[in-house]
Every structure is written in structure tokens, then in C-alpha cells.
Amino acid sequence: MTTAVLLSRVQFAFTIGYHFLYVPISLGLGLILVLAARRYRRSGMELDRAAADFWTKLFAATFAVGVASGLTMEFAFGTNWATYSRFVGNIFGAPLAVEGLFSFFIESTFLGIVLFGKRKVSTRMYYVSTWLVFGAAAFSAFWILVANSWMHTPAGYTVEGGRAVLTNIWAAIFTKSLAPRFVHTLNATFITGSFVAAAIAAHYLLKRKHQDFAKRALTTALIVGVLSSVAQPFIGHWHAIEVEADQPIKLAAWEAIYETQSHAPLSIYGWVDETGQRPVSIAIPDGLSLLLGLHPGKVIQGLNSVPASDRPPVQVLFQTWHLMIGVGILLALIMLGGIYLLMRKRLEYSLGYLKLLKYAMPLPILASILGWMTTEIGRQPWIVQGELRTADAVSSTVSAGEVATTLSIFVVIYTVLFFVWLRVVRAIVRHGPEVAPEAGPAEEGERLLASLRLKLTSVLGPSGPRRLDQIIKSRKGGDVSGGYHESGAGHSPDRGHASDGGARP
Amino acid sequence: MSGLQTTWFVIGAALVAVYAVLDGFDLGIGILSPILAREDEQRAMLRHTVSPVWDSNEVWLIIIGGVLFAAFPGAYATILSGFYLVFMLVFFGLIARATALGLHYGSVAPSRRWRTAFWAGSVIPSFLLGITVGNLVRGVGLTSSGDFSGSLVSLFNPFSIGMGILALALFANQGAAWASLKSTGELHVRSVRVRRATGWALLALFVLMTAYAAGMTGTHAANMVRRPLGWVVVLLALAGIACQQFFALRGDDRGAFAGASAAMVGFVGIWAVGSYPVIVPALDGGAALTAASASAGSGTLKVMVVVAALGIPVAAASALVVYRVFRGRVDGNPRGE
């Protein structure tokens, strides 16, 4: 491998890996934001408005870095991988264009509304906008994974004159690895979002700040987190079955299976003795065959069935793969523990557990990066499985020196950007959700009424609070929602929205 | 040359025009930011004229990338790898800009450093996009396999540098027109003044660059004279500049913005009409990359027509939503509360 190829690979891995730090956080927080906005729409409460605003700020800061680092990716295939671009242009460009046209516009437009337009649109429009931002982001993930999956399991094309020509668009979109890859990746973003939200909530509970907000956020995060993290091993298993069928050498490298064999063991932890061609590990005998074929006689294709030049690096894959699984299981256990404490109503007093949650935040991101390495390094030495080698795919006109220059600039800019992002996030978290200042007994009444509204909403739906308003109105003969909001702060911003929410059918 | 390839050349040019009109004004706001806004409150107002829309505007650039990749992969590969360092600098600039705008949307007064990042992140990409178009008009060295054979230095020739300055003037003019449309008070007075000045500068640069281009070898100038549409786009550019100054006399900011935008479309039109069907012209008699030689297969182009027919209305509709929600002049509060 020449220096130019190696540097181009490092640059691509670095820039996309960096982009992929922010994408799972913003997608996952997007779900948390939608849930918070939904709650606000139903209750109209000041606390829920503040919560939705808080998640919006975090989402937007992360999204901004995602946008900034994503822009270069659209062009990175042309700049560094010109030969690849010419080979796959007929197939690979279309999903990128679709992603832009159908996702990025909706995303950027409605994020603009969520961020800046709250006073200009109705609460319903605001709520719909949060859904559109989240939905468009997920849709964009779908299309980028369409493109990525095609590199792993190419279909719907023939090779003519040294380039892949499209023959069947549906086969090229819905390749064999798309469904498990998309579900696995999207679910990973939910796990990430729930851990980020849980860490922030745990931080507030430990500091005894914003406790009302934190308790609610933690409950939401734990429910999302336990569902997604417990489902993830099963989704991953589905994906592994697909990999075994479509990219058997990748799977063989994950488990360091050199000779084609039945009764293949499943390693838990260890390393690969590459000269001896065997894993040195704590392993479950017959485990891999049992998992993938449901019987110990299932034959697993080994690495030695293909020439050494067609094999991916085994040691690094063995490590990323097993680490990913280990971290993934840990994540599920943490979330299950939280649900147990929640059900025993001991959550906010379990300081040790809250500390664990606070510091566990990087783990799902680590698992995402490990998973991405597992699948992408597993495809090597191919850039398009079985069709084009990575070493043959680079831009012939770009020199190693040029790539080294841009790579160093990327490293500097992205490092600065990371710390700027961290500072912004810390400032947002330190500032906390901005609940309008509360004062005096009238405020206590408002809180009681507000929780009553929420309960009524959950029992009777949106008509519940409206009936409550009518009852109070008939008793007091005045404008209720105006009356008690006025006592809070002069600028209580959701005043109009609260009564709107109640009055709408 | 098939009808599909022509269709995609036209769609591509139209996308470039839309991008230039829309991102043109927010890049222009960035270029002019140190001149237009002198105090924190004015800076906040100026930033708030673009903060809800700049992201959506920049998406058009991503669309151009995606469409170029899908419809003309040969051109996508050659231009991006050939102009490697130029485009990387464009991206570094846009990253700095996006960060300055995106991470500080809520704060009234970002530090001096971030203001500089916003300014430089607007100037550098604008200038370099002008350099790129300049070279795509003038021609570059190409190998027989369609790869770029020139050097980085060769991209910075007098003509392309002139085009870089023209691009700065165009975007600045568009930015001033947008600022005058959206702002009030002192900022408004100043942006009207800058709009007029950049309008005249634009006219002067246009005459200068036209004279330069007329003396160059290559087919661009000849095509412009030969094709009726060539005269239309030149007239559009001139009429846009004239209208802008005319509406300025009547104090009509909307009319002036429309004039500036028409001029922008005219300039993109001059590039497209003079170039068609060539995408990357070759210097020294090499084989140019054309809409025929650089295009994807007809299967992909057909699929992409369907994608564009469905997707461009979605994109345009959501862009319209954001402009409609945020219509009218802005005040100094960055979050509009």
C-alpha cells in the first residue's frame, strides 16, 4: 500500500469517524427532544417548555458540528477517491443526492423553526417541526446506509468498461445488508441519546439542581435506553447472521476462524495468535456454530479459504468486535439496573448508580465507533466487496504530501472544534433548563394545577385540561390561564401557548 | 449527446444558480460583516438575518455535490481531485463559518475570534469558488484519461483571480441587498450604501472580465456570441445591476434584492450557456470532459430524473416554508424573543 493510499484512508477514517461522533448524539437527542416536545404539547406546562428548549439547545449545538463535519464528506469521494468515484458513480451518487434533497432541506428548515421560530408558529407547528427534524435525520441515515451497504453487498449492477452500471435500482437500494445495518445503526443512536440524556439528568440529581426536570428526563432516558439497549444484541445477532451469509471472511476475521470448520467456538475475550492461526481466548465450545446455525454442526467458512491478499487484518477486528459486544452488553445491564431502581422508587437516592450513569456517557459512543470499525475494516482489502480494492481506488492526481497537509489541518481544526463543542455543551448544561422564575404561593397553585393538567391529559386526552379550564373559569369568572401565569415572571413565554393548547380540539 | 445528458446539464446549472442566489447572500453577509455592523447589537441583527436560513442555503451546495456525483461522476472525480487543495480550503472555510454561526446562535456577542472566523470562512470560499469557475471557463490541463494534469499554481492565473474577485463582489452585493431588505436603523442605511457601491463595482468588474474573456482562446466567448441565449443571460446580468440601482433610487429594497438576484442568475447563466456541453474544458487541445463523456449511464440518469422531479419540489417547498416563517425585517434579539 502506497503512502498516498494509506494517508487517504487515515483522512477518510478520521473525518468520517469524527462526523460519526456527533451524528449518533444528535439523532439520539432528537428522539429525546421529540418526546419532550410531545409532553409540552400535551401539558402546556412551563417546566415542559423549558425541557424541550433545553434539549433543543443541546441538539442544535451537536447538529451544527455534524453539519460542519458532514459537508466535506459529500465531496470526499471525489477529492481523495476519484477512481472509486468513477467506478461507482452510476450507483453511489444517487443515494447521496436523494439524502440531500429529501432530508437535509427538511432538517435544516425545520430546525430553523424549532430554534428561532417558536414565537412565530403555533405549538402544533412547533411540535410537528421537531418530528420533521428527527424524521429527516433518520431518513438521511437510511440513505447514507443505502450507499454504505452497497459497498459491502453490491447488487443491481453490471461492470461495463471498468465501471459499475446500474441495472436494477431496487436491488441496488435494498441490498442484503441494508435492513440489519440500518436498524442496528439507528438503534445505536437511540442508546447514545438515552445515555447522554441520562448522564445530564444524573448530573443534576447529584448536584441537587433542576430536580423536577432531571427526574422526568431520567425516566424518559431509562425507558428509551432499556428498550434500545436490550434490543441491540438481538439486532446485532440478526446482522451477524447476514454477514456470515454475505461476507463470510469478515465474520471469520471477527472470530479468528482460520480453518473452515463445524463446531466453531465463540470467543469471549482474548487475542489472536496470528502465526499459529488461532485465537487464544476464553471461548464457548461450539458457540459460534450454535449461534449462527442453531446446531453445533454448522460449518463456518475460515480465513484460509481465500488467499492472504483477500483477508482483512484479523487482530484488530477480533478486538474491536469483542470489545463492541462487551460494551454493548454492559450498556444493557446499566439500563436494566436503572429500571430496577426506578421501579423500586429508589433511583434518585442511589448516588452510586447516578455517578455510574454520569460517567458511562462515552460508552455508547465508544461502542458505535468500535462497531463501525468492525464492519468497515472487515470489508478490507475491498472498497467495494469483491469488485474494487481500496488500494486501487484513490485519486491518482493527489499526492501524499497534499493529503498529509490536509489531514494535519483536519486534525487541528477538528480538535479545536471538539473542545469548542464541549465548552458550548458544558455551558448549556451549567445554565440548565430555563424555567420562568417562581414566586410565592400563587406559583405553588400553578404547579398543582399544572400537574393536575398533566394527569387529566393522560386520562382524558387533550380535552382534559380544557374542561378543567372551563370549570375554573365558571368558578372564578375570569381568564384562568392568564391569571396564574401573570404572577410568575412578566415574560412567561408560553402563556399564549398554554391556553392555545387547551382550546384546541 | 442524449436528451437526458442535456437535461442534467440544465438541472445542474439551475442548481448552481439557486445556490449562488441563496448562499450568495449569506456568504455576502459574512464578507461584509466587519463593514456593515459596528456594534454588538448590529452584529446580532446582521447575524439574525441569516441564522434561520443559512443552513438550508448551504444544503444546495451539498445537492450540487450529490447531483454532480450521480449524473456526471467523471466531472465530479476530476474537478474535486484536480482542485484538491482549493476545495479543501473551501471546506475548511465553510466549517469555520458553520461553527461560528451554528454554535453561537443563542449568544448576543460572540468573541472577536469567532467574528473573524465567520468573516474569513465567508471570504475564502467565495473567492475560491470564483477561482474554480474561472478555471472551468478558461480550461485546465487534462490527461487523456480525463485526469487533471496541471499544478496548484496553474489554477491561480490572472483570469481566475479576476473571477475570484468578481465572485467576492457578486456575493457582497447580494449580501448587502439581503441586509438592506431585512434590517432596520443604522444597519439598514449602511447596507443600502454598500449595496450601491458593490453594484457599481460589479458592473466595472463585469466589463473588465468580459473584455479579458473575449481575448482568450477556447470556445466560451465564441459560444456566447453565437448563441441567442448568450445575449439573454448577458442582458439579464446587466438588467439586474441596472434594476438594482434604479430601485435603490426609489428606496425599494425588495426590488433591489430582486435585481441583485437576477444579476446573480445572469452570471451563472453566462458560465452555463458559454460552456455547454463542456463541463471541464481542456487546455492545449486535450479532450474536454463534456456532459456526454463525463455522464453516468442512461439508467442512472433516468432514475435521477425521477428523484429530481420528486425531490426538488420537496426541497423548494421546505426552503419556502423557512423564508415565509421568517419574513419581514428582524430586530436585534438573536432568538427573536
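Helices, as the term is used here, are DSSP runs of H or I at least four residues long, numbered from the N terminus. With that in hand, a good place to enter this predicted model is the end of one such helix, α8(A), which is followed by A256(A), a residue whose phi is positive, near 55°. Helix α8 itself covers residues 248-255 of chain A and is mostly covered, with 7 of its 8 residues buried. Those buried residues are I249(A), K250(A), L251(A), A252(A), A253(A), W254(A) and E255(A). They pack against a varied set of partners in chain A, namely α7, β3 (266-273), α9 (287-293), α10 and α12.

Stepping back to the whole of chain A, its secondary structure comes to 17 helices and 6 strands. The C-alpha atoms fill a box of roughly 85 × 50 × 40 Å along the principal axes. A compact globule of 505 residues would have a radius of gyration near 23 Å, and the value for chain A, 26 Å, agrees with this. Of the 505 residues, 51% count as buried. Contacts in chain A also reach across the sequence: among those between residues at least 6 apart, 75% join residues at least 24 apart.

Two hairpins are worth a visit among the strands of chain A. In one of them, strand β1 (residues 157-160) and strand β2 (residues 163-166) run antiparallel and are joined by 4 bridges. Within this pairing, T158(A) stands opposite V165(A) in β2(A). The hairpin leaves 2 residues between β1(A) and β2(A), and G161(A) in the turn has a positive phi of about 55°. In the other hairpin, β3(A) pairs with strand β4 (residues 278-284) of chain A in the antiparallel sense, over 7 bridges. Here G270(A) stands opposite S281(A) in β4(A). The connection between β3(A) and β4(A) has 4 residues, and Q277(A) in the turn has a positive phi of about 55°. Strand β3(A) is also one of the elements against which the buried residues of α8(A) pack.

The backbone has further details to offer. Most residues other than glycine have a negative phi, and most peptide bonds are trans. Against that background, H210(A) has a positive phi of about 45° although it is not a glycine. H210(A) is found in the loop between α6 (178-207) and α7 (211-246) of chain A. This histidine counts as buried because it has 23 C-beta neighbours inside 10 Å, where 20 or more are needed. K345(A) likewise is not a glycine and has a positive phi, of about 55°; its place is in the loop between α10 (314-343) and α11 (351-359) of chain A. With 8 other C-beta atoms within 10 Å, K345(A) is exposed, since the limit for that class is 12 or fewer.

Cis peptide bonds occur in both chains. In chain A, such a bond joins Q380(A) and P381(A), with omega about 5°. P381(A) is found in the loop between α12 (362-379) and β5 (382-384) of chain A. In chain B, the peptide bond from Y276(B) to P277(B) is cis, with omega near 0°. P277(B) has its place in the loop between α12 (253-275) and β1 (278-280) of chain B.

Attention now turns to where the chains meet. The contact takes 57 residues from chain A and 57 residues from chain B. On the side of chain A that touches chain B, α2 (46-80), α3 (82-116), β2 and α13 (400-431) each supply at least two residues. Helix α3(A) gives the most to this side, with 23 residues. By class, this side of chain A has 34 nonpolar, 17 polar and 6 charged residues.

Helix α3(A) returns in the account of the nonpolar interior. The largest nonpolar core has 267 residues, of which L33(A), W55(A), A97(A), A198(A) and A201(A) touch the most other members. The largest share of this core, 21 residues, comes from α3(A). For A97(A), the residues touched, not counting those up to four places away in sequence, are I63(B), G66(B), V67(B), A70(B), M304(B) and V307(B). Helix α3(A) thus appears in both settings, giving the most to the side of chain A that touches chain B and the largest share of the core.

Definitions and conventions:
Residues numbered from 1 in each chain as written. Chains lettered and ligands numbered in written order. Predicted model: local features only at pLDDT ≥ 70, side-chain atom pairs only at ≥ 80, totals over all residues. Rg over C-alpha atoms; globule rule 2.2 N^0.38 Å. Contact = placed C-beta atoms within 7 Å. Pairing = 2+ DSSP bridges. Nonpolar A, V, L, I, M, F, W, Y, C, P; charged D, E, K, R; others polar. Core = buried A, V, L, I, M, F, W, Y, C linked by C-beta atoms within 7 Å.
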